[in-house]
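Thanks for coming. I will walk through one structure, going from its core to a few single residues. Please have a look at it before I begin.

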Amino acid sequence: MTLQKFINSYEKFLKVILFIMMVALAVTVLLGVSFRFAGSALVWYDEVAAVQLAWITYYGSAYAALKGAHISVPSIFKAFPLGLRKIFFVLSKIVVYGFLILLAYYGYLVLTLITGETLVTLEWVPQTFVQSVIPIGSCLFMLSESLRIPEDYRNLVLQSTDIEQTGDI
């Protein structure tokens with residue numbers, strides 16, 4: 001399998017996961033509103049919707065990283081000479097990976113601390129499942145960042161395209 005085929009498969013995977021999560025969130029919100037309107041509010045609605053939104057945020061961040069859609073300032077980056085662009089490119093990746101590694105590590109530590117706890121309104125849903133999105137999302141984000149390195153390097157450092165590209169710096 002070539003790198004481009006893997007990237008396409010990974011992108012499709014993230015899109016499917018995000019689509020399923022967004023549909024599930026829409027169904028949850030519609031159920032919550034409908035039952036509240038009918039006078040029989042669902043006790044679990046708020047907690048579940050908040051968890052779903054957090055999961056969409058983490059998986060969506062990985063997808064945005066894969067597409068190079070996070071906040072950046074490529075025009076300022078491209079104004080530097082080639083030597084400095086190379087240094088800043090490497091430094092930016094070190095900062096991003098450092099943050100994501102810390103997030104994954106401490107997210108995992110949180111999982112070890114909350115073993116045995118459950119959601120308040122749905123006692124059969126373990127908190128470790130809910131909070132697992134932090135280390136998993138961080139690892140997916142790192143994978144997305146890694147897959148973008150060749151394209152970001154070409155666009156930001158070598159300036160091989162006339163199209164304004166985004167990429168985290």
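A residue counts as buried when its relative accessible area is under 20%, as exposed when that area is over 50%, and as partly exposed in between. With that in hand, one more caution: what you see is a predicted model.

Let me take a residue in helix H1, namely Thr28. Is Thr28 buried or exposed? Its relative accessible area is 8%, and because the limit is under 20%, Thr28 is buried. What does the side chain of Thr28 make a polar contact with? The partner is the side chain of Gln52, at 3.0 Å. Gln52 also appears in the wider list of residues that Thr28 touches, once neighbours within four places in sequence are set aside. The others in that list are Trp44, Tyr45, Val48 and Ala49.

Now to the core. The largest nonpolar core has 18 residues. Those that touch the most other members are Tyr10, Leu14, Tyr59, Leu66 and Leu140. Three helices each supply at least two residues of this core: H1, covering 3–37, H2, covering 45–67, and H6, covering 133–157. Which helix gives the most? That is H2, with 7 residues.

Leu14 shows how this looks for a single residue. Apart from neighbours within four places in sequence, Leu14 is in contact with Tyr59, Ala62, Tyr63 and Leu66, and also with Leu140 and Ser144.

There is also a second, separate core, this one of 7 residues. Val96, Tyr97, Leu100 and Phe141 are among them. Val96 sits in helix H4, residues 82–113. With a relative accessible area of 19%, Val96 is buried, because the cut-off is under 20%. Along the chain, Val96 and Met142 are 46 residues apart, while their C-alpha atoms are separated by 8.5 Å.

Next, the packing of two helices. How do H2 and H6 lie relative to each other? Their axes are 7 Å apart and the angle is about 10 degrees. Angles under 35 degrees count as roughly parallel, so H2 and H6 are roughly parallel to each other. On the H2 side, the residues that meet H6 include Trp55, Tyr58, Tyr59 and Leu66. On the H6 side, they include Ile134, Leu140, Phe141 and Arg148. By class, this contact has 12 nonpolar residues, 3 polar ones and 3 charged ones.

Staying with H6, Asn155 is another residue of that helix. Asn155 is buried, with a relative accessible area of 8%. Between Asn155 and Pro74 there are 9.0 Å from C-alpha to C-alpha, although the two are 81 residues apart in sequence.

The last residue is Gln131, in helix H5, residues 127–131. Is Gln131 buried or partly exposed? At a relative accessible area of 25%, Gln131 is partly exposed. Not counting residues up to four places away in sequence, Gln131 touches Leu111 and Ile114. Gln131 and Val51 are 80 residues apart in sequence, and 8.7 Å apart in space from C-alpha to C-alpha.

To recap: H2 gives the most residues to the largest core, and H2 and H6 are roughly parallel. That is the end of my part.

Key: Residues are numbered from 1 along each chain as its sequence is written. This is a predicted model: local features need pLDDT of at least 70, side-chain atom pairs count only at pLDDT 80 or more; totals for chains, interfaces and linings use all residues. Side-chain values use heavy atoms; hydrogens and water are left out. A nonpolar core is a set of buried Ala, Val, Leu, Ile, Met, Phe, Trp, Tyr and Cys residues joined through side-chain atoms within 4.5 Å. Buried means under 20% relative accessible area, exposed over 50%, partly exposed in between (1.4 Å probe, protein chains only). Helices (H or I, at least four residues) and strands (E, at least two) are DSSP runs, numbered from the N terminus. Contact means heavy atoms within 4.5 Å. A polar contact is a pair of N or O atoms within 3.5 Å; within protein, one must be able to donate a hydrogen and the other to accept it, and residues adjacent in sequence count only if both atoms are side-chain atoms. Axes are lines fitted to C-alpha atoms, for helices over the stretch in contact, and angles run from 0 to 180 degrees between N-to-C directions. Angles under 35 degrees count as roughly parallel, over 145 as roughly antiparallel, 65 to 115 as roughly perpendicular and the rest as oblique. Ala, Val, Leu, Ile, Met, Phe, Trp, Tyr, Cys and Pro count as nonpolar, Asp, Glu, Lys and Arg as charged, and the others, Gly among them, as polar.
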